[in-house]
Every structure is written in C-alpha cells, then in structure tokens.
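Here's a quick tour of some backbone oddities and one helix pair. Have the model open while you read.

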Amino acid sequence: MLINAGADNQIKDKKNNVPDIYVIKKSEFNETILKKYMRDPEPFLPTIEQPQHVTLEGSYNETEEDELTKWRYMKNITSEEDKQYYEGIFEEEGSDEEGITDFNVPEGNLDLETIAQLERSFRKITWARQAHSLLKKFLIKPVFDKLKEKITISHGASLFDVIKGGIEILNHDLGVVAPDPESYKVFAPIIKPIIYTYHNIPILKNQLRSRTQPETQWKPSDKNFWKNVNDIKVQSCDSSILSYKISLHRSIKGYPLNSRMTSNQYITLENDMKAVLSNCSFFPLGHLHQLKSVLKSTEQNEELTKYFLPIVENNKDEHIQFFIAAGGSNFWPLGRSTWVAPREGYNSIQIRINQIDHLEVIRCFSPSEELLDVILETRDILDEIELKLRDLEESMIYLRDTEYGYLTFSPGDLGTGLRLFGYMEVPNNVNFKILKATEVTDNFSLRINGKVPSFSSLATRDLININNKVEVSNRITFGLMEADIVFQFFEGLKNLISLKQSLEVDHVRFALKT
C-alpha cells in the first residue's frame with residue numbers, strides 16, 4: 001500500500017538496508033520491535049496471502065526433504081487434475097540427459113537484493129486479480145519457497161530470470177521463459193506444469209499422449225511421415241487464404257538462451273552463424289543483413305525491417321512486450337542478423353540469427369505450392385546448417401534433450417520447434433463468434449492472431465484485426481510428431497474456413513431478410 005501511495009522502497013536506513021531486506025531477515029525486524037517505535041499498540045502488518053486456489057491442511061516439517069510428502073498436505077488445488085500435476089512432478093526420478101542434467105543446485109547463494117525482488121514479484125502476481133497466466137496458476141507459495149534461492153550452475157540464472165516477463169506482462173499465456181537449458185531442470189516445479197498444461201500433456205503415465213518428445217521425423221527414411229504429409233492438400237478451397245509460413249526454432253549447444261546471453265556471446269554466435277551460412281549451398285541465393293546496418297534509416301533499409309523481429313517501443317503486441325520484459329531483446333540490435341532470399345509474391349526464405357531463438361528458419365509459401373516440396377526444402381536447409389556447424393566446431397549442434405526435444409527460450413516452442421501459420425482474409429461483416437471459434441481452436445489446438453491464451457475462452461473477443469486479416473497458428477509443439485502437428489493444423493484451418501463461409505452465408509440471408 002505504501003509503494004502504491006508513492007513511498008520509495010529503495011531508501012536505506014542507518015544499517016544501510018532497504019525495507020525489503022527485513023522481509024528476508026525477519027528476526028531483525030518483527031512485530032515486537034515495530035511496536036517500540038509506533039504509537040499504535042496494534043499496528044497493521046500486511047502478510048503475503050495464499051492464492052485462492054490453494055489451501056493447506058495439517059502441518060509439515062519445514063526441513064523435510066521429501067517434497068511429495070509436503071504436497072500430500074495440500075487440499076484440493078483447484079481440481080483433482082491440478083493435484084495430479086503437482087504430485088506427478090515429484091514422483092519422477094531425476095535423469096541425466098543431453099540437454100538437462102541432474103545438477104546439484106546450491107541454495108542460499110542468491111544475493112539478498114534479488115531475493116527481495118522475488119518477494120515483491122510474488123506479492124504482485126499473487127494479488128493481481130487481472131492476471132490469468134499459467135504462471136499465476138502454478139506459482140503457489142510452496143513452489144515459490146522451494147525455488148526462490150536456487151540458481152543454475154552453468155549461467156547463474158535465478159527464478160527471477162524465469163518469471164520476470166510474466167510479472168511485467170500479467171496476461172501472457174505462459175508467463176515464463178527458460179534463461180538457460182539448465183533452467184528446465186532446476187526450475188521444473190514451475191516450468192514443467194506450465195509445459196504440460198500448455199501442450200495438453202497428461203500427467204498420468206498410462207494416458208495416451210507421450211510425456212516426452214518423440215524422435216524427430218525430419219528424415220528421408222521416415223516413409224510414413226512423408227506419406228502423411230503428401231496426403232495433406234494445401235491448395236485452399238477458399239480464395240481468402242493469402243499465404244502460409246513454416247517456422248523452425250533451434251538453440252545451439254554451449255550457449256545460454258536469450259536473457260542470459262552476454263553481448264560477447266551474441267556477437268560470437270552471430271559471427272559463427274555467418275561463417276556457417278556462407279559455406280552453405282543455398283547462401284548465394286539470398287543476402288545476409290545485419291540489423292545494426294538495417295536500422296540506419298534509408299528507404300531500402302526500411303523495407304528490410306520486415307525480416308526482423310519488430311522490437312520497437314510502441315509495439316502493442318502482447319507477445320513482443322513479454323519477450324522484451326523477459327530479457328529476450330537484451331543488447332538489441334547487437335548480434336542480430338537475417339539471411340533473406342525473397343521470391344515472387346508472398347514467398348521467401350529467411351534465417352533469423354539471435355532473435356526469438358539462436359536460430360529460426362522461416363519459409364513463406366503460397367497456397368499453390370506443394371506442401372511436401374516446402375517441407376523438404378526447409379528440412380534440407382536446417383540439416384545443412386547443422387552439418388556446417390559441426391564442421392566449424394564438433395560440439396556446436398542443435399540443443400536437444402531426450403525428454404523435452406529441442407530446447408527453446410520459450411517453453412511454448414520446445415519439442416519440435418515447429419510453427420505453422422496461415423493468413424486468412426476475412427470481410428468486415430464476418431465475425432468468428434465465441435462458441436464456434438472456441439470449439440475449432442480447442443479441438444485442433446490452434447491460436448488466432450497469437451493473442452488469445454490457449455487455456456481461456458475467447459470471451460467477447462473479435463478475432464479480426466484492423467486489416468481484416470487473421471493469423472492462425474498451431475499452439476502445440478511438444479509431445480506430438482511433426483506430421484501430427486502439420487495434419488492437425490491444416491485440418492483445423494479447413495474447419496475455420498468452413499465456419500467463415502457459413503457465417504458469410506448467414507450474413508447474406510440476414511441482409512436479404514432485412
């Protein structure tokens with residue numbers, strides 16, 4: 001309340017401590033001491049409330065190491081399904097995997113200032129009723145207490161690095177990022193239930209969906225995959241489909257992820273990727289553009305900015321705002337480049353360096369192109385880059401974990417790293433109304449415009465932007481094979497097209513009646 005009223009929480013006392021230090025060192029400033037210096041004999045002392053969806057039953061020993069024992073005291077966390085999420089996490093045994101090893105993480109080594117910052121962040125998201133992120137749902141007091149003093153050994157990432165974007169942008173769908181690969185293991189009690197919920201992974205091992213990422217299918221020997229893809233017809237039955245885009249995200253082993261990258265690491269990785277791309281067979285077909293040069297205002301350079309992530313102060317896109325708040329744009333535009341091979345119309349090939357992830361291969365294509373040819377071309381580019389990376393340095397490979405698949409900065413992209421987009425033109429007189437659109441997006445795990453949280457309803461939101469274009473993309477990238485993701489996306493898109501056409505017909509009928 002004092003901070004909201006304008007109090008300065010950075011002023012230091014005679015002991016050179018800021019107020020939040022006493023939240024940590026409770027023995028140095030308690031109610032008894034406070035009463036000595038206040039006229040009111042019974043001062044009001046605010047406490048950190050438990051989130052409404054959590055109640056505790058009984059008591060447990062604070063030094064108890066068996067976390068599962070603690071969770072058994074938790075009574076009805078929202079639903080039986082949520083309870084299974086928590087219990088399932090601690091039932092699993094630690095595993096030594098390529099991307100994430102079972103680190104012995106030191107506790108209590110985090111500086112007091114960061115811990116105080118975490119305490120403020122926890123209070124903010126606990127009390128923020130307008131927050132509907134998965135971070136808000138799963139960051140309960142026992143989880144917070146378990147993680148608040150932990151840091152990763154490899155790059156010194158803390159819980160604050162994981163959650164700071166979700167604290168700033170309260171309604172982001174996930175609310176967390178992975179500042180380095182080790183964070184997926186160290187901060188698993190908060191990251192894992194978010195991954196499972198977002199990607200529709202069942203917590204019970206006997207259910208159908210896999211809890212680990214299947215082996216990638218981008219191989220010529222996987223005949224069933226290519227047969228399934230060949231059966232998908234991209235040619236649209238509706239002229240409103242403008243274009244498609246396929247995007248593949250990869251991280252490079254040996255580096256932290258975006259928010260823990262130093263300026264030197266950004267520059268080094270950019271230079272390494274430039275050397276790799278210059279040795280690839282496709283490199284002469286396009287041009288490599290460095291963002292620092294592109295930002296110099298010329299008419300030609302302004303045209304090139306569309307090939308880069310739009311990191312600008314006035315960008316109102318919630319996902320870009322979250323990316324900035326989470327530290328994804330640190331040292332921007334340093335170390336950022338894009339290789340582009342423009343083609344006729346909407347078509348192009350782009351390779352983005354150090355933007356959303358270390359590497360992103362993008363292929364824009366029109367409805368008239370064969371999907372199989374597009375996927376083969378994209379796969380070949382991705383494979384050739386990894387081959388040239390190994391030639392540069394044996395240890396430089398794509399970062400892949402046996403449980404999570406390809407690791408990415410955002411847990412929403414991990415697994416396959418595969419994103420598909422369809423751009424549909426919708427007339428002003430057509431609205432995807434709440435129930436119908438929700439049914440399609442939920443059944444086929446789609447996002448529309450990338451702005452609607454997957455776990456909430458589309459309540460009263462119009463899904464048409466000011467340009468009368470809708471961007472449709474897949475939400476799930478983890479726990480499914482690539483062919484399943486591609487098939488699910490295009491089946492969902494067909495259903496949206498049918499819905500749009502039926503709404504157009506209804507509008508015409510209504511107009512004729514009136």
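## A helix pair

Helix 5 crosses helix 8 in a left-handed way, meaning that the near helix is turned anticlockwise from the far one by less than a right angle (clockwise would be right-handed). This is a predicted model, where local features need pLDDT of at least 70 and side-chain atom pairs pLDDT 80 or more, while totals for chains, interfaces and linings use all residues. Numbering starts from 1 along each chain as its sequence is written, and side-chain values use heavy atoms, leaving out hydrogens and water.

Helix 5 covers residues 112-127 and helix 8 residues 159-168; helices are DSSP runs of H or I with at least four residues, strands E runs of at least two, numbered from the N terminus. They pack at about 35°, axes 10 Å apart. Axes are lines fitted to C-alpha atoms over the stretch in contact, with angles from 0 to 180 degrees between N-to-C directions.

Contacts (heavy atoms within 4.5 Å) include Leu 118 and Ile 125 on helix 5, and Phe 160 and Ile 163 on helix 8.

## Around the cis proline

Trp 332 and Pro 333 share a cis peptide bond, omega about 5°. Pro 333 sits in the loop between helix 15 (318-325) and strand 5 (337-342).

Phe 331 lies in the loop between helix 15 and strand 5 too. Its phi is positive, near 65°, though it isn't glycine.

## Another positive phi

Ser 445, also not a glycine, has phi of about 50°. Look for Ser 445 between helix 17 (434-443) and strand 11 (446-448), in the loop.
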